Amino acid sequence: MATVLFLLPFYLMLRNAFATDKEITGVDWTIFPSSLQWGNVGEVFTDTSANFGRTLFNSAFIAVTQTIGTIVLSSMAGYALARIPFRYATPIFYAVLLTLMVPPAVTFVPSFIIVSRLGWVNSYQGIIVPVLFSGFTAFLFRQYFLNFPRELEEAGRIDGLGYLGVFWRIVVPNSLGFFAAISVITVISSWNQFLWPLVVGQDPDMWTVQVSLSTLMTAQTINLHQVFMAALISIVPLVLVFVFLQRYLVQGVAESGIKG
């Protein structure tokens, strides 16, 4: 029963994406449209006001770039907090945890002012850089590295490697499953961002998929079949990522050390 309830929104999206507006809003409901409207696909990409092809590229580029940057920065920070003994390790860790308690709305305006002063409005770096580091991701990496076998690291140090060499040559290659799990979560989070890309990427050429979807619904008109088709296309990349890497999600939670 729970599975049916979970899949119901996806069924409605798929059904309405290939239907006409009359069939979507009609009283006589049918499980599938009387005829599949394949032309709805072309209509989404030919709508110049939504610029959907460009927004797909923007979302893909931003998601991949942000994921790579977040994984690199957060993993190194997590490893340093877990393994490198220095005086302020504990205060810094608590400071990272403190950032998780601050609502994003509090830092939204200051972040935009900084981006504006740097001249990064309507640019990829303006959308990506301010959200590159994630305190939550760093916390997950720290929890994982606390349980990483010390014997492997000690073997690397015997061979003359420092902390950085041990991290890149030993820890990372033996933690690819966990890195993949965090990458999936980061990609999904980046792809679904709306407010920050909306404010920073003001030019239509800088819109992401989520911003483009919002332009299809105005106070005057809502082209229902186009909205559903655009939404269906927008989730296809996420579904593919999830299908191929879903086993890493379970593995990542199991290895993070979080109990719940």
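This report covers the overall build, the cavity and pockets, the nonpolar cores and two individual residues of a predicted model.

**Overall build**

The chain has 260 residues, and 39% of them are buried. Its secondary structure consists of 14 helices and zero strands, so the order of elements from the N terminus is an uninterrupted run of α. The C-alpha trace spans about 70 × 50 × 30 Å along its principal axes. Among contacts between residues at least 6 apart in sequence, 73% join residues at least 24 apart. About 14800 Å² of the chain is exposed, with 70% of that area supplied by carbon and sulfur atoms.

**Cavity and pockets**

The table lists the volume and the lining classes of the spaces discussed here.

| Space | Volume | Nonpolar lining residues | Polar lining residues | Charged lining residues |
|---|---|---|---|---|
| Largest cavity | about 40 Å³ | three residues | four residues | no residues |
| Largest pocket | about 1000 Å³ | 17 residues | twelve residues | no residues |
| Second largest pocket | about 330 Å³ | nine residues | three residues | no residues |

The structure holds one cavity of 30 Å³ or more. The lining of the largest cavity is made of S59, I62, S190, W191, Q193, P197 and T208. Two helices, α4 (52-83) and α11 (176-191), each give at least two residues to this lining.

The largest pocket has a lining of 29 residues. P104, P130, V131, F133 and S134 are the lining residues that lie nearest the centre of this pocket. Helices that each supply at least two residues to the lining are α4, α5 (89-100), α6 (104-117), α8 (135-146), α11 and α12 (195-200). Helix α11 has the largest share, with five residues. No charged residue is found in the lining of the largest pocket.

The second largest pocket is lined by F6, F10, I188, W191, N192, Q210, S234, I235, L238, V239, F242 and V243. At least two lining residues come from each of α1 (2-17), α11 and α14 (224-255). Here the largest share belongs to α14, which supplies six residues.

Some elements recur in these linings. W191 belongs to the lining of the largest cavity and also to that of the second largest pocket. Helix α11 supplies at least two residues to the lining of the largest cavity, to that of the largest pocket and to that of the second largest pocket. Helix α4 contributes at least two residues to the cavity lining and at least two to the lining of the largest pocket.

**Nonpolar cores**

The largest nonpolar core has 20 residues, and F52 and M229 touch the most other members. Two or more residues of this core come from each of α1, α4, α11, α13 (209-215) and α14. Helix α14 gives the most, with seven residues. Beyond its neighbours within four places in sequence, M229 is in contact with A17, F18, N40, V41 and V44. Another core, of 19 residues, lies apart from the largest one. Its members include F93, F139, F141 and F148.

**Two leucines**

Is L132 buried or exposed? L132 has a relative accessibility of 19% and counts as buried, because the limit for buried is under 20%. This residue lies in the loop between α7 (124-128) and α8. Residues up to four places away in sequence aside, L132 touches T65, Q66, G69, T70 and L73. L132 and G69 are 63 residues apart in sequence, while their C-alpha atoms are 5.9 Å apart in space.

L176 is located in helix α11. Its relative accessibility is 53%, and L176 therefore counts as exposed, the limit being over 50%. L176 and I233 are 57 residues apart along the chain, and 29 Å separates their C-alpha atoms.

How values were computed. Residues are numbered from 1 along each chain as its sequence is written. This is a predicted model: local features need pLDDT of at least 70, side-chain atom pairs count only at pLDDT 80 or more; totals for chains, interfaces and linings use all residues. Side-chain values use heavy atoms; hydrogens and water are left out. On a 1 Å grid over the protein atoms alone, a cavity is a set of points where a 1.4 Å probe fits but cannot get out, and a pocket is an open set with protein on both sides within 12 Å along at least five of seven lines; lining residues have an atom within 4 Å of a point. Grid points are joined across faces, edges and corners, and a volume is the space filled by probe spheres set on the points. Helices (H or I, at least four residues) and strands (E, at least two) are DSSP runs, numbered from the N terminus. Ala, Val, Leu, Ile, Met, Phe, Trp, Tyr, Cys and Pro count as nonpolar, Asp, Glu, Lys and Arg as charged, and the others, Gly among them, as polar. A nonpolar core is a set of buried Ala, Val, Leu, Ile, Met, Phe, Trp, Tyr and Cys residues joined through side-chain atoms within 4.5 Å. Buried means under 20% relative accessible area, exposed over 50%, partly exposed in between (1.4 Å probe, protein chains only). Contact means heavy atoms within 4.5 Å. Accessible areas come from the Shrake-Rupley method with a 1.4 Å probe; for residues, only the protein chains shown count as cover.
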